[in-house]
Structure formats: C-alpha cells, structure tokens
Amino acid sequence: MNRDYLQEALQTFNGENWYGWKTHDDNGNKIPNDQRMCYECIKIIKDGAVMPTKAEVEAKIQEIKDAEANRLAKKESAKAKLAALGLDEEEIKAIIGI
C-alpha cells in the first residue's frame, strides 16, 4: 500500500480534520476523484484553521519521507549488527518482529 504523504503532512497542520477536497473548480466544473487530492484542491473546513503554504506542505512531506528512510536504515543497520554477533536470520526476525 502506498503511503499518502500529502494527507500525512496536512494532518500535522491545524490538528486533524481541518481540510477537505474541492469537488468543483472555480468555473463550476466537476473535478474527477482521481485528480482532487492535490494541494490546489484543498479546502478549509474547520473554523480558525490556516492554510499552510505549498512550500510548508512539501517540506513536511520531505521530513516524513526522511524520517521513514532513517528508520529503515537503522533497522537494516541493526540487522547487520545482530548478524555480525552470530545470530541467524530466524533469530533476527524474532527479535525485530518481522
């Protein structure tokens, strides 16, 4: 399953449930469902919420991706260290919960 980085990032601003997706463009044309989930189609649905800039959202997405890459790298490093200590693959899987 692909992660929805845009929604993960948006949920870090203004708390959760502050935004929705436009269903029609400024000319009244229906926006197809597969094209709605983008920065340009965000609409604020919670009073007091402030729209983050596109740059802020993109920076948060990158932060989330970097954190995930770091987590995976640390996991691989830990597996390599456990193997160097003489643990076999089954023991390593049991320790790290795979």
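Is Cys38 buried, partly exposed or exposed? Select Cys38 in this predicted model and display its surface: the residue is partly exposed, with a relative accessible area of 21%.

Keep Cys38 on screen and add Cys41, whose sulfur is the nearest cysteine sulfur to that of Cys38, at 3.5 Å. Cys41, by contrast, is buried, with a relative accessible area of 8%. Neither residue takes part in a disulfide, Cys38 being in none and Cys41 likewise being in none. Because a disulfide requires the two sulfur atoms to be within 2.5 Å, the 3.5 Å separation leaves this pair unassigned, and the structure as a whole holds 0 disulfides.

Next, go to the largest nonpolar core, which has 15 residues, and select Leu6, Leu10, Trp18, Tyr19, Trp21, Ile42 and Val57, the members that touch the most other members. Colouring by secondary structure helps here, since helix 1 (5-10), strand 1 (19-21) and helix 3 (54-84) each supply at least two residues of this core. As a general background to this stop, nonpolar side chains in soluble globular proteins tend to be buried together.

From that set, centre the view on Trp18 and show what surrounds it. Leaving aside neighbours within four places in sequence, Trp18 is in contact with Leu10 and Phe13, with the run Ile42, Lys43, Ile44, Ile45 and Lys46, and with Ala49, Val50, Met51 and Pro52. Two of these partners, Leu10 and Ile42, have already been selected as core members.

Now turn to the charged side chains, where the count comes to 6 salt bridges. Begin with Arg3 and Glu8, whose closest N and O atoms are 2.7 Å apart; Glu8 is partly exposed at 27% relative accessibility, and Arg3 is also partly exposed, at 34%. Extend the selection to Glu68 and Arg71, which are linked with Arg3 and Glu8 in a network of salt bridges.

Then move along helix 3 to Lys60 and Glu63, which form a salt bridge with closest N and O atoms 3.1 Å apart. Both residues lie in helix 3, 3 residues apart, or about one turn of the helix, and Glu63 counts as partly exposed at 46% relative accessibility.

Finish at Glu76 and Lys79, whose side chains meet in a salt bridge of 3.4 Å, N to O. These two are again 3 residues apart in helix 3, separated by about one helical turn. Compare their surfaces before leaving the view: Glu76 is partly exposed, with a relative accessible area of 47%, whereas Lys79 is buried, with a relative accessible area of 19%.

Terms used:
Residues numbered from 1 in each chain as written. Predicted model: local features only at pLDDT ≥ 70, side-chain atom pairs only at ≥ 80, totals over all residues. Heavy atoms only, no water. Buried < 20%, exposed > 50% of the residue type's maximum accessible area, 1.4 Å probe, protein only. Core = buried A, V, L, I, M, F, W, Y, C linked by side-chain atoms within 4.5 Å. Helix = DSSP H or I, 4+ residues; strand = E, 2+ residues; numbered from the N terminus. Contact = heavy atoms within 4.5 Å. Salt bridge = Lys/Arg side-chain N within 4 Å of Asp/Glu carboxyl O.
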